[in-house]
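Biologist: Mind if I grill you about the labels you put on this one? I'd like the reasoning behind each term.

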Amino acid sequence: MASWCHQEQFSAPDTLDASSKAATGKVATVDGEQAVPIVLAGKGASVTWYVAATGKPYFIKQDSSRDDMQDLMDSDFGGAVGAKAPSGAVVEAPAA
């Protein structure tokens, strides 16, 4: 299971196929939390996103049968992340 994710998977997830429909499943327990599974399936592949069923609807887990999509789990919502501004000189990327 990966401990990172790409934000674009949340804002514009791959929909497998334009005709695919997402469906909700029965509430399940994920890492001790009640979660609603959202399942997208088609073309022999599936992705299931689990969203917290109580409190804030945090995304807590993603399970995928696809090779190009990671399984991942999120936790510790609202906690400090320890982010710091980088130090040193800023170097511009070369123009293409």
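What follows is a short back-and-forth about strands, pairing and exposure.

Modeller: Fire away, but bear in mind that this is a predicted model.

Biologist: Okay, why is Thr24 called exposed?

Modeller: Exposed takes over 50% relative accessible area. Thr24 comes out at 60%, so it counts as exposed. Thr24 sits in strand 1, by the way.

Biologist: What makes you say Thr24 is in contact with Val36, Pro37 and Ile38?

Modeller: Contact needs heavy atoms within 4.5 Å. Setting aside neighbours within four places in sequence, Val36, Pro37 and Ile38 are what Thr24 touches by that rule. As for Ile38, it is 14 residues away along the chain, yet its C-alpha lies 4.5 Å from that of Thr24.

Biologist: How do you know that strand 1 pairs with strand 3?

Modeller: Pairing asks for at least two bridges. Strand 1 (residues 22-24) and strand 3 (residues 33-42) have three, and they run antiparallel, so by that cut-off they pair. One partnership there puts Ala23 with Val39 of strand 3.

Biologist: And what makes strand 2 a partner of strand 3?

Modeller: Three bridges again, antiparallel, with strand 2 covering residues 28-30. Thr29 has Gln34 as its bridge partner in strand 3. The two strands make a hairpin with two residues between them, and Asp31 in that turn has a positive phi of about 50 degrees.

Biologist: How do you know that strand 3 also pairs with strand 4?

Modeller: The count is eight bridges, antiparallel, set against a cut-off of at least two, so the pair qualifies. Val39 turns up again here, bridging to Thr48 in strand 4, while Leu40 is partnered by Val47. This is a hairpin too, with two residues between the strands; Lys43 in the turn shows a positive phi of about 55 degrees.

Biologist: Which strand does strand 4 join through five bridges?

Modeller: That's strand 5 (residues 59-64), once more antiparallel. Val47 stands opposite Ser64 there. Strands 4 and 5 form a hairpin with six residues between them, and Gly55 in the turn has a positive phi of about 70 degrees.

Biologist: Last one: what makes strand 4 mostly covered?

Modeller: A residue is buried under 20% relative accessible area. In strand 4 (residues 45-52), six of the eight residues are buried, hence "mostly covered". Thr24, over in strand 1, lands on the exposed side with its 60%.

How values were computed
Residues are numbered from 1 along each chain as its sequence is written. This is a predicted model: local features need pLDDT of at least 70, side-chain atom pairs count only at pLDDT 80 or more; totals for chains, interfaces and linings use all residues. Side-chain values use heavy atoms; hydrogens and water are left out. Buried means under 20% relative accessible area, exposed over 50%, partly exposed in between (1.4 Å probe, protein chains only). Helices (H or I, at least four residues) and strands (E, at least two) are DSSP runs, numbered from the N terminus.
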